[in-house]
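User: Hi! I'm new to reading protein structures, and I'd like to walk through this one with you. Could we take it step by step?

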Amino acid sequence: MTTVPQTHLERRYAALGLLLIAPTVLVFCVVIVYPLISAVYLSLFSIFTPTLQGEWVGLSNYQALLSTGEFWTSLGNNVIWTVGTLVLQIVFGVAMALVLHENLWFRALARSLILFPYFVSTVVAVLVWKWLFNDLYGILNHLMIVAGLIEFPLDHLGSMPNAMISVIIVGAWKYFPFVVIAVLARLQTIPEQLYEAARIDGAGPFARFWDITLPQLREVLVVIVLLRAIWDFKEFDLIFLLTGGGPIIGTQTLPLLVYKEAFALNRMGMAAAYAVVMMALMLAFMLIYIRQTRRRES
Amino acid sequence: MRFVRRIFFNLAAWAVVLAVAFPLFWMIVTSVKPQFELFRRPPTFLPDTFTLEHYARLLIDTAFLVYFKNSVILATTTTVIVVAIATLGAYSLVRFRYRGRENLAFLVLFTYLLPSVVLLLPLYLMLVRVGLSNTIASLVVAYTTFALPYALWLLRSFMAGIPEDLESAALVDGASRLGAFWDVILPQLLPGIISTALFTFILSWNEYLYALVLVNSDSARPLTTGVVNMLVSAFNIEWSLLMAASVMMSVPLIVVFAFLQSYLTRGFGAGAVKG
Amino acid sequence: MAEVVLSRVRRDFGAVTAVHDLNLAIAEGEFVSLLGPSGCGKTTTLRMLAGLEFPTGGEIRIGGRVVNDVPPAKRDIAMVFQSYALYPHLSVADNIAYPLKKRGVPRAERRPKVERTAELLQLTPLLDRKPRQLSGGQQQRVALGRALVRDPKVFLLDEPLSNLDAKLRIHMRAELVELHQRLGRTMVYVTHDQLEAMTMSDRIAIIDQGRLQQFAPPQEVYHAPANRFVAGFIGTPGMNLIEGTLSQEGGAWCFTAPGLRIAVGQLTDDAQAGPATLGLRPEDVTVGAGPVSGIVRVVEQSGHENIIIVEIAGNERLTLRIPASILPRTGDTVALAPDATHAHVFAAGEAGQRLNTATARPRPQTL
Ligand SMILES: Nc1ncnc2c1ncn2[C@@H]1O[C@H](COP(=O)(O)OP(=O)(O)OP(=O)(O)O)[C@@H](O)[C@H]1O
Ligand SMILES: [Mg+2]
């Protein structure tokens, strides 16, 4: 709804506005828009990474990609990882938010402890979990044996499906605080009268959750699910550091495949093709999220 | 009855909270245990012997301090540049009218969601070509790709929360647009700027993928790839040393958590979820 | 020279037109109120005068100079915002001093000016506080202070008294009027409180849905409303508006409605026989004897007078203001006598124009 500037003063303000946004636009063009376009361009070449020399191959990278099993396996892994970790994050995150919304002893401390994994570096998180997962001296195996859950130490990261489960759990641990904070913020805005009215009508705690809390959380949950789905889908650090995609390619997702093609197999053009396809897959979610935000703003 | 239920609820809730926090607790415990105690069965939950030898070794025998210094320079530079550009940009996006303004705002949101692996390869080629590879500067450029959209989106939402009449009043009282920005908007935006700066700093401090690809020499390596490098280059993995490194690496974060946590929560509300 | 002239000023917000080709010539030193219901475009008009909003069309002149391209800082105006817009990070004293500072008044000269303004507005004990430590009314006075501390050509005031309690409001009303007389500055005062507009203004501009309805002194607005909207908007209780038929009998105009027949005196050339609206102020009908009869439905006593609602033929209800000495009971049948010399006639329809020639009541004589 931008009206065309008419007065001289209005035009001068518009010019100042453009001047202020100019650094942003400049940086965007150089480090985002240009690379984004050249990513698509690169994917039409066959490039040897160490020399960066290459030749035009047209769409054959894409042809090759769709016909290799590795792409489909990685995509499958990507979906399993995203759905698995997302479900855990949401369920655990909402539950934790409900708990922290109650009058817990030392609530502020509990909140800080819950929040910490989200802000800690993925490198730190992975190192710690690798130590916990250690097959010989890891505390996890020890505790599980003591508890009688297993008889012999488990190989958490080196065999399937353990590796995928471990990755999903660590992902959930690291990212569920995002859900907690977002849901908690929303919970605090639900008017108390709603609950009082329901209590007068004789609704028990579960009925109150289903009939009041959940509908109130619906909108924010949609936003969270979209955001987290997008972020989890493109996750690289956590999986790469934890398993490197292994065993073999058991936990290899698309971002890891891109990295492997480019820097282990030295096929930069092919890697670009993988990256472009991956983005195309994510585009739907990104556009839905943007449309949602747009609607909420207007 | 109510009282018993309350106690039970608190105990159960705290058990879960502590379970979530356990890995971090374990990290600290491991870092102050002597090497031999790590392999004792059953493991000791609190160290029998308390030692800081791993921290000493980390600081003296390894390149940890170089990495740490690199990370500080990297994260600080990125934060300063990004927040400066984003503050002006957000002011422009929220308070000025010109063609294409709204589409630009949603381009920002789009880039905020963009996966880094897509930009990684072209950026790598670009930085190699201009001769920036293996420098901290190359990482600053790369980090801008995710930090700037993020900071812009966050600051835009903070800016939108400042009543327009404040700026109008300053204009009527005799200020120019930029004068009003300096006198009135900037002081109001300060909590938002702090919050954004903290987020940007943490994001840059924790980044791994770009650092892995773009920097291949110890002199420019930041903490994330540096510490992982220590892991893979050693003959046998020294867990205590790694845990000490992990703790040290989290120091800035612990400082933020202890003193500035409200800014983090505020940033959450403004950028990540609401908009 | 600080007359303010708007010529065909228009402001669109996308599909919404907030201000419609507004023509308004405010004389130097005049106190003018912009009065109208919420959302009618008062604030938008004021913001355009201040240079904060840009007219989509038309021309604004202040002191003879076209200011469409002049930034707010250079228009030499002061404005009080509806939302106060106090600078939260500055103390009350610094808030009031800010306009002086921006215009290069040296620190030493600022102090006494701020103190004088604070005294006028009873803000002296609050000078060191931050805005958030003040009540709504106190904040509003600080906002007023920030405008009054300077001596600009034009004051723009957007509902500056809306948040004060009744006593303080009456006090500030008098202060503002006195200030206006002393400074002799042009003041444009936005309000939706007609009592404020009536008591303070030299002239009132009544706006509805972005269109100017009437621009006249308070007495004229009251006694000769330009159209049906103004007639219904001004006055509490509002004017009784009765739908009926206008006819001409032997050169004299006559208005008929069920149970009612009035000779309405001289009308303009626009008047036509046919449907029309009759307007009667609640005080322009006497109760006791008369040609119209009705049943009392509601009686409200307010001490010095009584307000009653009477139902006449055709389910028409009239609100009447009568002396406290007359106290009918609900259900009573009463006889009414409308005062024909004070009857207003409007053309048919919502936007019906006034058809009377003379003002219904002579202007008060100046002494
Ligand atoms: N920035 C804007 N964008 C779109 N519409 C606007 C904008 N500002 C005002 N309007 C519309 O213009 C009309 C006039 O608004 P304005 O604020 O001038 O009303 P007002 O007379 O001051 O009302 P009030 O007495 O409630 O303050 C309203 O319908 C409003 O919705
Ligand atoms: Mg208004």
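Analyst: Happy to! Keep in mind that this is a predicted model.

User: How many salt bridges does the rule find across the interface of chain B and chain A?

Analyst: Let's start with what this interface is made of. Carbon and sulfur atoms give 81% of the roughly 8800 Å² that chain B and chain A bury between them. A salt bridge needs a Lys or Arg nitrogen within 4 Å of an Asp or Glu oxygen. For this interface, the number of pairs that pass the rule is zero.

User: Which element gives the most to the side of chain B that touches chain A?

Analyst: The contact involves 96 residues of chain B and 95 residues of chain A. On the chain B side, the classes are 72 nonpolar, 15 polar and nine charged residues. The top contributor, with 16 residues, is helix H1 (residues 2-31) of chain B.

User: What is the secondary structure of chain B?

Analyst: Reading along the sequence, you meet α again and again: α-α-α-α-α-α-α-α-α-α-α-α-α-α. The C-alpha trace of this chain spans about 75 × 70 × 30 Å along its principal axes. The tally for chain B is zero strands and 14 helices.

User: How many salt bridges are there between chain C and chain B?

Analyst: Here 21 residues from chain C meet 15 residues from chain B. The area buried between them is about 1500 Å², with 58% from carbon and sulfur atoms. One of the salt bridges joins Asp183(B) to Lys102(C), with the closest N and O atoms 2.8 Å apart, which is within the 4 Å cut-off. The full count between chain C and chain B is three.

User: Which three residues supply 30% of the area that chain C buries against chain B?

Analyst: Think first about who sits on that side of chain C: 14 nonpolar, two polar and five charged residues. No other three residues give more of the area that chain C buries against chain B than this trio. They are Tyr87(C), His89(C) and Tyr98(C).

User: What is the volume of the largest cavity?

Analyst: The search of the whole structure finds seven cavities of 30 Å³ or more. The largest is lined by 34 residues, and those closest to its centre include Tyr175(A), Trp231(A) and Phe146(B). By class, this lining has 22 nonpolar, six polar and six charged residues. The space inside comes to about 910 Å³.

User: Which element gives the most to the lining of the second largest cavity?

Analyst: This cavity has a volume of about 70 Å³. Its lining divides into eight nonpolar, three polar and no charged residues. Among them are Val120(A) and Ser121(A), together with Phe201(B), Trp205(B) and Met249(B). The element that gives the most, with four residues, is H9(B).

User: How many residues apart are Glu70(A) and Lys260(A)?

Analyst: Over all chains, the search finds 29 salt bridges. One of these joins the side chains of Glu70(A) and Lys260(A), at 2.6 Å from N to O. Glu70(A) belongs to helix H3 (residues 69-101) and Lys260(A) to helix H11 (residues 254-263) of chain A, so this salt bridge, as defined by the 4 Å rule, links distant parts of the chain. Along the sequence, the two are 190 residues apart.

Note on methods
Residues are numbered from 1 along each chain as its sequence is written. Chains are lettered from A and ligands numbered from 1 in the order in which they are written. This is a predicted model: local features need pLDDT of at least 70, side-chain atom pairs count only at pLDDT 80 or more; totals for chains, interfaces and linings use all residues. Side-chain values use heavy atoms; hydrogens and water are left out. Contact means heavy atoms within 4.5 Å. Buried area is the accessible area (1.4 Å probe) that two parts lose on being put together, summed over both. Ala, Val, Leu, Ile, Met, Phe, Trp, Tyr, Cys and Pro count as nonpolar, Asp, Glu, Lys and Arg as charged, and the others, Gly among them, as polar. On a 1 Å grid over the protein atoms alone, a cavity is a set of points where a 1.4 Å probe fits but cannot get out, and a pocket is an open set with protein on both sides within 12 Å along at least five of seven lines; lining residues have an atom within 4 Å of a point. Grid points are joined across faces, edges and corners, and a volume is the space filled by probe spheres set on the points.
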